[in-house]
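Colleague: I have a new model on screen and would like to learn how to read it. Can you take me through its features one at a time?

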Amino acid sequence: MLNTPLLFLAYNRPDPTRQVLAAIRAARPGKLFIATDGPKPGKPGDYEKCQAVRDILRNGIDWDCEVHTLLREENLGCKAAVSSAITWFFDNVEEGIILEDDTLPSQSFFPFCAELLEKYRHDQRILHISGDNFQQGLIRGDGSYYFSIYNHNWGWATWRRAWRLYDVDMKSFQELRQDNSWQAIFNSAAERDYWLNMLQLVWEGKIDTWDFQWTFAVWANRGLCVLPNVNLVSNIGFLGDGTHTGSNTSSWLAGLPAGTLGSLVHPSRLAAHRKADRFAFNHVFANKPMPLLLCLERLCNYLCSRILKIDRG
């Protein structure tokens, strides 16, 4: 039985929910927290899908465990539903594992998180443990895992002490935007500008998400993230209906196989692996299309500047 508490976040996708629950069932956590968002009003079929998910969760927990539920009747959306559910989780536990309904872990993921939650429990430098590896087979460092500035969150774990740093509204962003000291974590000006633009959109409420705020909390507090040298979680949510994966079903990240890890070898160096982080930015983030809102905003700013220049001329 897995002694580490686990939070399972679900919404309206029965098939992925069933698969991830089966993996959780195999790990048999002794404490299981379940949070679901409610159906979107006016969205055809959403109520039925949400009910189907809840039926799967209700009938699929057949091992001896302590179950806590947060089943919302109204739809809060990704930002509020996920962030408040994680806060609810850490109001009740000191540390734990978080899985969403499209993050299918291998069985190695659970002991990986459990062992490292214990090892780094009191190390204030470590804020996040991820089950993801997007290095396309490249081994980083001399251990079973390495450290990164990137908190990939398709299956992850953390502590209450770390989550206390989280602010869903990013109230300190504008002040810290002007602070160059923490921005030294980036490998290039392009990487820095990409993330400052993205975080600006989140701060302005133009992206309905919870995870960039967690990324900002990690960066603002100069935190480090643990990433395995083998991918341990497969994202099975690239089905065209995901909030963030959307219709990008051809992405190389879709369904990336989840492997296994044996006994952990701890790395000799506790610092962000710069080459790995540069690779992650170039292959996971930089090649994504710029968000439409940002494109439109830049176009409007450009057109306005041209109009003003013509008027003044």
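Modeller: We will go from the overall make-up to strands, charged pairs and the core.

Modeller: One caution before we begin. This is a predicted model.

Colleague: How many helices and strands does the protein have?

Modeller: The secondary structure comes to 10 helices and 10 strands. The protein has 313 residues, and 53% of them count as buried.

Colleague: What share of the contacts with a separation of 6 or more comes from residues 24 or more positions apart?

Modeller: That share is 82%. Keep it in mind for the pairs below.

Colleague: Let's take the strands. How do E1 and E2 pair, parallel or antiparallel?

Modeller: They pair in the parallel sense, over five bridges. To find the register, look at Leu6, which stands opposite Leu32 in E2.

Colleague: Which strand does E2 join through six bridges?

Modeller: That is strand E3, residues 66–71, and the two run parallel. Here Lys31 stands opposite Glu66 in E3.

Colleague: What do the helices add to this?

Modeller: Follow the chain from strand to helix to strand. E1, H1 and E2 make a right-handed β-α-β unit. E2, helix H2 (residues 46–60) and E3 make a right-handed β-α-β unit as well.

Colleague: Why is E2 described as largely enclosed by the rest of the structure?

Modeller: Count its buried residues. Strand E2 covers residues 31–36, and five of the six are buried, so the strand is largely enclosed by the rest of the structure.

Colleague: Now the charged residues. What is the general idea of a salt bridge?

Modeller: Side chains of opposite charge can pair when their charged atoms come close. This structure holds 13 salt bridges.

Colleague: Which residue forms a salt bridge with Asp102?

Modeller: Arg13 does, with the closest N and O atoms 3.0 Å apart. The pair links distant parts of the chain, 89 residues apart. Asp102 lies in the loop between E4 and E5. Arg13 lies in the loop between strand E1 (6–10) and helix H1 (14–27).

Colleague: Are Asp102 and Arg13 buried or exposed?

Modeller: Buried means under 20% relative accessible area. Asp102 has 9% relative accessibility, so it counts as buried. Arg13 is also at 9%, so Arg13 counts as buried too.

Colleague: Where is Asp101 found?

Modeller: Asp101 is in the loop between strand E4 (95–100) and strand E5 (103–105). At 6% relative accessibility, Asp101 counts as buried. Its side chain reaches the backbone nitrogen of Tyr11 at 3.2 Å. Leaving aside neighbours within four places in sequence, Asp101 is in contact with several residues, including Phe8, Leu9, Arg13, Pro16 and Val20.

Colleague: Let's try another salt bridge. Which residue does Lys79 meet?

Modeller: The side chains of Lys79 and Asp169 meet in a salt bridge, at 3.8 Å from N to O. This pair links distant parts of the chain, 90 residues apart. Lys79 is in helix H3, residues 77–92. Asp169 is in the loop between helix H5 (160–163) and helix H6 (173–177).

Colleague: How do Lys79 and Asp169 rate for accessibility?

Modeller: Lys79 counts as partly exposed, at 23% relative accessibility. Asp169 is partly exposed, with a relative accessible area of 42%.

Colleague: What does Asp193 pair with?

Modeller: Asp193 forms a salt bridge with Arg192, the closest N and O atoms being 3.1 Å apart. Asp193 is partly exposed at 34%, and Arg192 is partly exposed at 29%.

Modeller: Salt bridges can also share partners. Here, such sharing joins Arg13, Asp101 and Asp102 into one network.

Colleague: Where is Asp211 found?

Modeller: Asp211 is in helix H8, residues 211–220. Asp211 is buried, with a relative accessible area of 16%. A polar contact of 2.4 Å joins the side chains of Asp211 and Thr209. Asp211 and Asn151 are 60 residues apart in sequence, and their C-alpha atoms are 9.1 Å apart in space.

Colleague: Last, the core. Which residues touch the most other members of the largest nonpolar core?

Modeller: Phe112, Trp195 and Trp219 do, in a core of 90 residues. Select Trp219 and look around it. Leaving aside neighbours within four places in sequence, Trp219 is in contact with Ile149, Tyr150, Trp182, Ile185, Phe186, Trp195 and Leu199.

Conventions: Residues are numbered from 1 along each chain as its sequence is written. This is a predicted model: local features need pLDDT of at least 70, side-chain atom pairs count only at pLDDT 80 or more; totals for chains, interfaces and linings use all residues. Side-chain values use heavy atoms; hydrogens and water are left out. Helices (H or I, at least four residues) and strands (E, at least two) are DSSP runs, numbered from the N terminus. Buried means under 20% relative accessible area, exposed over 50%, partly exposed in between (1.4 Å probe, protein chains only). A polar contact is a pair of N or O atoms within 3.5 Å; within protein, one must be able to donate a hydrogen and the other to accept it, and residues adjacent in sequence count only if both atoms are side-chain atoms. Contact means heavy atoms within 4.5 Å. A salt bridge is a side-chain nitrogen of Lys or Arg within 4 Å of a carboxyl oxygen of Asp or Glu. Two strands pair if DSSP finds at least two bridges between them. A crossover is right-handed if, with the strands pointing away from the viewer, the path from the first strand over the helix to the second runs clockwise. A nonpolar core is a set of buried Ala, Val, Leu, Ile, Met, Phe, Trp, Tyr and Cys residues joined through side-chain atoms within 4.5 Å.
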